[in-house]
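Here is a short set of exercises to work through with the model open beside you. Try each task before reading its solution.

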Amino acid sequence: MAVCHILPVPKLSRMPAALTAPELLAPAGSLAMLRAALAFGADAVYAGQPRYSLRVRNNDFGDLATLGTAIGEAHAAGRKLYVVSNVLPHNRKVHSYLSDMAPVVALRPDALIMADPGLIDLVRETWPQMPVHLSVQANTVNFAAVRFWQKLGIRRVILSRELSLDEVAEIRQQCPDIELEVFVHGALCVAYSGRCLLSGYFNHRDPNQGTCTNSCRWDYRLQAGEVDAAGDVHAASSPQPPNSPDARSGDRVWLLEEKARRGELMPVDEDEHGTYIMNSKDLRAVEHVQRLTEIGVDSLKIEGRTKSPYYVARTAQVYRRAIDDAVAGRPFDPGLLGELEGLANRGYTDGFYQRHHEHERQNYLRGHSESGRSLYVGDVLAWDAARQLALIEVKNRFAVGDRLEIIHPTGNRQLALERMQHIDGAEIRVAPGNGHRVWIPLPAELPGALLARFV
């Protein structure tokens, strides 16, 4: 009988002699996102076809020509592109999988990101040379599971988001010969590693087939309810405040009503672990890049294939700097927190990486997050040498007198906006918002830059 030897976990040195930079892996739902990711420092990009990945909307890669262009551009830049194929399929998709994937494999992506054991088996039999990365959808949370997948030929395991830094470190120590990847930024689900049924329950759009409508993030109203003699739940005739003894009695319940579904009252289930059908904050773990680098994680992943080119440019730039600082032995720059705060978010959390934070550290992170906040306001389209002005595609309102940040792959800079012209050349003071174009004075070398306004 074979004996499984579990190694003791050695203490990691906090400052190894030399650190290897982990791969920075960025999302892409379009060629514009891919180009932004590559320009702003990503080592690799992941993209998926709508039918077989978990992102159907805002996804241009159902077209094979577009996917081929993306792979070609990544390889020409010396980077990698992984194709996400992590659907949990019903029989219908299994029947068509190999024939649909054959032309994708022919494009020579650097790996397939997969979750379903049956599809993984089909790929390993049909294209044994194709590297397979195990998706976070497989919920890998321990070193024994990593070893299991390694025996089946998996090249890389994307660990579940529900792990602490110490748990990731133990998996690295127990499994030194397989690549490990973790998420460091993006949306979090209220379900385990995204395996959620809430959207399918509400409107028959299954998250596990790529059509999630983010039901956990809708606008809900909480109200008191009561259970009648027949066991049916109704809105309470005399709602009580949450701390009222009557509101906590056996006949009282709490109900959720979604803004667009008036009259559909859903009881809130609560136990010792918490309350359910609630929104999650977004993951931001830039402050843990140093530790993850020391642990020896191979790839740090940004979530967000349905986001904008600005989102991927900003996150790639920030995490690139954090990785470079970690490898060079420079201390963490808290200013990076504020740069990420300017992205649309629902509040940030570092998830499960560090379960408890002392008040001093919480205040430290909050203070730096709130300073230097900025809002995306436009794209630099062109430059007029005669007038020394740049043409801006406006995305959000900004005005003369605002302090702007120019975000560019060669480095960011700041300026105070002193004047502005309408697209027709007339002097104006305000760019009203999306759909407008204006001229502003900018240096000549910055077409392709992004603009943000400090708030």
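**Exercise 1. A leucine in a helix**

Is Leu98 buried, partly exposed or exposed?

Solution. This is a predicted model, so every value below is computed from it. Start by placing the residue: Leu98 lies in helix H3, which spans residues 91-106. Next, take its relative accessible area, which is 27%. Buried would require a value under 20%, and exposed one over 50%. Leu98 is therefore partly exposed.

Now look at its surroundings. Setting aside neighbours within four places in sequence, Leu98 is in contact with Leu122, Thr126 and Trp127. To finish, take a distance: Leu98 and Leu119 are 21 residues apart along the chain, and 8.8 Å separates their C-alpha atoms.

**Exercise 2. The whole protein**

Find how many helices and strands the protein has, then describe its burial and its contacts.

Solution. Begin with the count of elements: there are 11 helices and 26 strands. Then turn to burial, where 49% of the 455 residues count as buried. For the surface, the protein exposes about 21600 Å², with carbon and sulfur atoms supplying 52% of that area. Last come the contacts between residues at least 6 apart in sequence: 67% of these join residues at least 24 apart.

**Exercise 3. One face of a helix**

Which residues of helix H5 are buried, and how are they arranged around its axis?

Solution. First, list the buried residues of H5 (residues 143-151): Phe143, Val146, Arg147 and Trp149. Second, look down the helix axis; these residues fall within an arc of 165°, so they line one face of H5. Third, ask what covers them: the cover includes helix H4 (117-126), strand E5 (132-134), strand E6 (156-158), helix H6 (165-174) and strand E7.

Follow the trail to H6, where Leu165, Val168, Ala169, Ile171, Arg172 and Gln174 are buried. The cover over these residues includes H5, E7 and H8.

**Exercise 4. The largest cavity**

Describe the largest cavity: what is its volume, and which residues line it?

Solution. The structure holds 3 cavities of 30 Å³ or more, and the largest has a volume of about 60 Å³. Its lining consists of Val286, Glu287, Val289, Gln290, Ala322, Asp325, Ala326, Arg330, Pro331 and Phe332. Map these onto the elements: helix H8 (289-295) and helix H9 (309-328) are the ones that give two or more residues. H9 gives the most, with 3 residues. Sorting the lining by type yields 6 nonpolar, 1 polar and 3 charged residues.

**Exercise 5. From a cavity to a glycine**

Work out what lines the second largest cavity, then follow Gly186 outwards from there.

Solution. The second largest cavity has about 40 Å³ of space. Its lining is made up of His185, Gly186, Ala187, Asp282, Leu283, Lys307, Tyr311, Leu343, Ala344, Asn345 and Tyr348. Strand E7 (179-186) and strand E14 (282-284) are the elements that give two or more of these residues. By type, the lining divides into 6 nonpolar, 3 polar and 2 charged residues.

Now pick out Gly186, which is found in E7. Its relative accessibility is 4%, so Gly186 counts as buried. Not counting residues up to four places away in sequence, Gly186 touches Asp282, Leu283, Glu303 and Tyr311. For a last distance, take Gly186 and Lys281: they are 95 residues apart in sequence and 9.3 Å apart in space, C-alpha to C-alpha.

Terms used: Residues are numbered from 1 along each chain as its sequence is written. This is a predicted model: local features need pLDDT of at least 70, side-chain atom pairs count only at pLDDT 80 or more; totals for chains, interfaces and linings use all residues. Side-chain values use heavy atoms; hydrogens and water are left out. Helices (H or I, at least four residues) and strands (E, at least two) are DSSP runs, numbered from the N terminus. Buried means under 20% relative accessible area, exposed over 50%, partly exposed in between (1.4 Å probe, protein chains only). Contact means heavy atoms within 4.5 Å. Accessible areas come from the Shrake-Rupley method with a 1.4 Å probe; for residues, only the protein chains shown count as cover. On a 1 Å grid over the protein atoms alone, a cavity is a set of points where a 1.4 Å probe fits but cannot get out, and a pocket is an open set with protein on both sides within 12 Å along at least five of seven lines; lining residues have an atom within 4 Å of a point. Grid points are joined across faces, edges and corners, and a volume is the space filled by probe spheres set on the points. Ala, Val, Leu, Ile, Met, Phe, Trp, Tyr, Cys and Pro count as nonpolar, Asp, Glu, Lys and Arg as charged, and the others, Gly among them, as polar. The arc is that of the directions from the helix axis to the C-beta atoms.
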